[in-house]
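Let's work through a few exercises on contacts and charged pairs in a protein chain. Keep the coordinates open and try each task before reading its solution.

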Amino acid sequence: DGPSYHPVVATLSLGSHAVFNYYRYREENSPLSEHKTTPPPVGQGRPIDLKPVASILLEQRSLIITTGDLYKHHLHGINDVEEDVFRGPQDAIDEPQATMANTRLLGDSAVRDVVLHGGILKRNTRYSLTCRDVERVASAAGFAVRRR
């Protein structure tokens, strides 16, 4: 989120669930990883490893607070999908899927069952409120235009 903010961000997730992924930057001197990376736009940015380092299922009315290394050295995102597909343990043998880091904390037992044993969670409209602590705020008075 940048140096203008204190190293913490809180996101309140309302409406539908969503899967929140954390990504890392690919080190410039490291060999290409076995998974895909996005090239940066010409003249800016760093390549991003598209394999999440962590995934969290945000339930309706949930709050996630990101701080520390996840805030300072990682990116976060939510894939633009209409449903989240979870494979059961028997389906994950050939191709492992990201596990939800918060499965044991899920409050809805039906949702937890889908995450653990496989199934589909359809998304609805999701609203989020993101709160950041800004170190310095510009005064609105500084932008006022004087009338003559």
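The exercises below concern a predicted model.

**Exercise 1. Find where Val 114 sits and which residues Val 114 touches, leaving out residues up to four places away in sequence.**

Step 1. Start with the secondary structure: Val 114 belongs to helix α2, which spans residues 109–117.

Step 2. Next, check accessibility. Val 114 has a relative accessible area of 15%. The cut-off for buried is under 20%, so Val 114 is classed as buried.

Step 3. Now list the neighbours. With sequence-local residues left out, Val 114 is in contact with Phe 86, Gly 119, Ile 120 and Leu 121.

Step 4. Take Phe 86 from that list and compare the two kinds of separation. Val 114 and Phe 86 are 28 residues apart in sequence, while their C-alpha atoms are 6.8 Å apart.

**Exercise 2. Work out which side chains of strand β8 point to each face, and how β8 and β9 pair.**

Step 1. Walk along β8, residues 83–86, and the side chains alternate. Asp 84 and Phe 86 share one face and are buried. Glu 83 and Val 85 point to the other face and are not buried.

Step 2. Then look across to the partner strand. β8 and β9 run antiparallel to each other, paired over 4 bridges.

Step 3. Pick out one position in this pairing: Glu 83 is opposite Lys 122 of β9.

**Exercise 3. Locate the salt bridges of the structure and classify the residues in each as buried, partly exposed or exposed.**

Step 1. A word of background first: side chains of opposite charge can pair when their charged atoms come close. The structure has 3 salt bridges.

Step 2. Asp 49 and Arg 24 form one of them, with an N to O distance of 3.5 Å. This pair connects distant parts of the chain, with Asp 49 in strand β4 (residues 48–49) and Arg 24 in strand β2 (residues 18–24), 25 residues apart. Asp 49 is buried at 3% relative accessibility, whereas Arg 24 is partly exposed at 38%.

Step 3. Glu 83 and Lys 122 form another, and their closest N and O atoms are 3.0 Å apart. Here Glu 83 in β8 is linked to Lys 122 in β9, 39 residues apart. Glu 83 is partly exposed, at 30% relative accessible area, and Lys 122 is exposed, at 61%.

Step 4. Asp 84 and Arg 123 also form a salt bridge, with 2.8 Å between the closest N and O atoms. Asp 84 lies in β8 and Arg 123 in the loop between β9 and β10, 39 residues apart. Asp 84 has a relative accessible area of 9% and is therefore buried. Arg 123, at 16%, is buried as well.

**Exercise 4. Describe the surroundings of Arg 123: its loop, its polar contacts and the residues it touches.**

Step 1. Place the residue: the loop holding Arg 123 runs between β9 (119–122) and β10 (126–134).

Step 2. Look for polar partners of its side chain. The side chain of Asp 84 makes a polar contact with that of Arg 123 at 2.8 Å. The backbone oxygen of Asn 79 also lies 2.8 Å from a polar atom of the Arg 123 side chain.

Step 3. Finish with the contact list, again leaving out residues up to four places away in sequence. Arg 123 touches Ser 16, His 17, Ala 18, Val 19, Ile 78, Asn 79, Val 81, Glu 82, Glu 83 and Asp 84.

Note on methods: Residues are numbered from 1 along each chain as its sequence is written. This is a predicted model: local features need pLDDT of at least 70, side-chain atom pairs count only at pLDDT 80 or more; totals for chains, interfaces and linings use all residues. Side-chain values use heavy atoms; hydrogens and water are left out. Buried means under 20% relative accessible area, exposed over 50%, partly exposed in between (1.4 Å probe, protein chains only). Contact means heavy atoms within 4.5 Å. A polar contact is a pair of N or O atoms within 3.5 Å; within protein, one must be able to donate a hydrogen and the other to accept it, and residues adjacent in sequence count only if both atoms are side-chain atoms. Two strands pair if DSSP finds at least two bridges between them. A salt bridge is a side-chain nitrogen of Lys or Arg within 4 Å of a carboxyl oxygen of Asp or Glu.
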